[in-house]
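Here are a few short exercises on hollows and surface patches. Take a look at the model first, then work through them one at a time.

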Amino acid sequence: MNKTPLLIWAVVMTMTSCQQKPATVVVDTEAIKAELTIFMDEYSVAYKAMDINKMTAFCTDDALFLGSDPSEFWSKQQITDYFMAQGLDSTMKLEYVIDRREILVAADGNSAIVVEQFVLPIISPNMPVRCINNVVKVSDGWKFDLLSWNVIPRNEDIPVINAAFE
C-alpha cells in the first residue's frame with residue numbers, strides 16, 4: 001500500500017499545528033464609544049454650521065451617502081456638491097437635538113455603527129430622522145464610510161401616508 005497520502009497528511013498537520021495563533025486583542029468598547037461620541041458631536045456642529053470642508057473631512061474618500069429620498073444615493077464628491085448648494089442658501093436653518101444615539105462597536109474595535117435619531121424641521125417637523133452611520137478607524141482617527149438618513153414615521157401613521165400616495 002502506498003504511504004504517500006499518509007505522509008502528506010502528517011506533514012500538513014504538523015505544519016498547521018506549528019503556526020502561531022493570532023493574539024487576542026482586548027478592545028475597550030467604552031473608550032471607543034467615548035471617542036465616537038466626541039466625533040459625532042463634532043460632526044453635528046460642523047453640519048449645523050454647514051462647514052462643508054470639515055464635514056467632508058470626516059469622511060473616507062469612498063464614503064457612500066444615502067439621503068432620505070430614494071434618488072439620494074451619492075458619492076463623497078456628489079454629497080460635497082450638494083452641501084455646497086445647501087451652504088449657499090442663507091435661509092436654511094439646521095437646528096436639531098439628538099434624541100437618541102446608540103453606538104455598536106465591532107469586536108476588533110476598528111469600526112462601529114452609530115445610530116442617531118432626531119427631528120429635523122426642514123425635513124419634517126413631525127417625523128423623526130434616523131441616521132445610520134458606519135465609521136471606520138483610520139490612521140488619523142475615525143471617519144464615515146456610510147451615512148444613511150431615513151425618515152421614520154410611527155407605525156400608526158403608515159396607513160395615512162399610504163393613503164396620501166393613492
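**Exercise 1: the enclosed space**

About 80 Å³ of space lies in the largest cavity of this predicted model. Find out which elements line that cavity, and what classes its residues belong to.

Solution. Start with the count: the structure holds one cavity of 30 Å³ or more. Next, go round its wall, where you'll meet Met40, Tyr43 and Ser44, among others, along with Glu116, Phe118 and Trp149. Now sort by element: α2, β4, β5 (129-138) and β6 each supply at least two residues of the lining. Last, sort by class: the cavity lining has eight nonpolar, two polar and one charged residues.

**Exercise 2: the open pocket**

Work out which element gives the most to the lining of the largest pocket.

Solution. The largest pocket has a volume of about 280 Å³, and 18 residues line it. Tyr47, Glu72, Trp74, Tyr82 and Trp149 lie nearest its centre. At least two lining residues come from each of α2 (29-48), β1 (59-66), α4 (76-87) and β6 (141-151). Of the elements, α4 gives the most, with four residues. By class, the pocket lining has 14 nonpolar, three polar and one charged residues.

**Exercise 3: a patch on the surface**

Is Ile113 buried, partly exposed or exposed?

Solution. Place the residue first: Ile113 is found in strand β4 (residues 111-118). Buried means under 20% relative accessible area and exposed means over 50%. Ile113 has 36% relative accessibility, so Ile113 counts as partly exposed. Then look at its partners: Leu104, Ile113 and Ile132 form a nonpolar patch on the surface, with about 240 Å² of accessible area together.

Definitions and conventions:
Residues are numbered from 1 along each chain as its sequence is written. This is a predicted model: local features need pLDDT of at least 70, side-chain atom pairs count only at pLDDT 80 or more; totals for chains, interfaces and linings use all residues. Side-chain values use heavy atoms; hydrogens and water are left out. On a 1 Å grid over the protein atoms alone, a cavity is a set of points where a 1.4 Å probe fits but cannot get out, and a pocket is an open set with protein on both sides within 12 Å along at least five of seven lines; lining residues have an atom within 4 Å of a point. Grid points are joined across faces, edges and corners, and a volume is the space filled by probe spheres set on the points. Ala, Val, Leu, Ile, Met, Phe, Trp, Tyr, Cys and Pro count as nonpolar, Asp, Glu, Lys and Arg as charged, and the others, Gly among them, as polar. Patches are made of residues with over 30% relative accessible area and no salt bridge: like charges are joined within 9 Å, nonpolar side chains (Val, Leu, Ile, Met, Phe, Trp, Tyr) within 5 Å. Accessible areas come from the Shrake-Rupley method with a 1.4 Å probe; for residues, only the protein chains shown count as cover. A salt bridge is a side-chain nitrogen of Lys or Arg within 4 Å of a carboxyl oxygen of Asp or Glu. Buried means under 20% relative accessible area, exposed over 50%, partly exposed in between (1.4 Å probe, protein chains only).
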